[in-house]
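Biologist: Please take a close look at the packed interior of this model. I should like a connected account of how its side chains meet there.

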Amino acid sequence: MKSDVLYLCEKFRTVSEEKITNKQRKLKIAKLLEDISTGVPAKITTALDFLQVHGDDSIIAPLVQSLDKIKDEKSTAEIIEFLSSLKSSSAVEKVMEIVNDPGYAAQQVKLLSTIWNSPLDYSSYLAEFVSLAVKGDFM
């Protein structure tokens, strides 16, 4: 009985630590996305380095939005390179949601270039790419 109580206490402590860590991680990611939106090249580079290791799919949309806001070409190229090097297969669905979202039309060409250079498999979206090519200015 005593060992069951100790086990439950330990399990509760572990879950609580994970929640705190997850909350801290989300706050850190929010701060880094804020740094990127400043347009300061050094902050962008530092933030992208951290996000390369600790980011998740939630950062994709804010990064795409930042593409037209950042005036420094080198920083824009760094963000495009970052998006091109995504490795999580779950990112494919998120990227395609953004490609198909009319709210991101201004960034569509840049985002499509990240897909062409990506190691991820977008082949299941071939019909959507053909549709975009026919509708858009890609021919």
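Modeller: Rings of Phe, Tyr and Trp (its six-membered ring) pair if their centres lie within 6.5 Å; planes under 30 degrees apart count as stacked, over 60 as edge-to-face and the rest as tilted. By this rule there are two aromatic pairs, and Trp116, Tyr122 and Phe129 form one aromatic cluster. The model is predicted: local features need pLDDT of at least 70, side-chain atom pairs count only at pLDDT 80 or more, and totals for chains, interfaces and linings use all residues. Residues are numbered from 1 along each chain as its sequence is written, and side-chain values use heavy atoms, without hydrogens and water.

Tyr122 also belongs to the largest nonpolar core (buried Ala, Val, Leu, Ile, Met, Phe, Trp, Tyr and Cys joined through side-chain atoms within 4.5 Å). This core has 35 residues, and Ile36, Leu63, Ile79, Leu83 and Tyr122 touch the most other members. Helix 5 (90-99) gives the most to the core, six residues. Helices here are DSSP runs of H or I, at least four residues, numbered from the N terminus.

Ile36 is in contact (heavy atoms within 4.5 Å) with Ile44, Ala47, Leu48, Leu51, Leu63, Ser66, Ile70 and Ile79, leaving aside residues up to four places away in sequence. Among these, Ile44, Ala47, Leu48 and Leu51 are the buried residues of helix 2 (under 20% relative accessible area, 1.4 Å probe, protein chains only). They lie on the same side of helix 2, because their arc (of directions from the helix axis to the C-beta atoms) is only 105 degrees. On its other side, Ala42, Thr46, Asp49 and Val53 are exposed, that is, over 50%.

Definitions and conventions: Helices (H or I, at least four residues) and strands (E, at least two) are DSSP runs, numbered from the N terminus.
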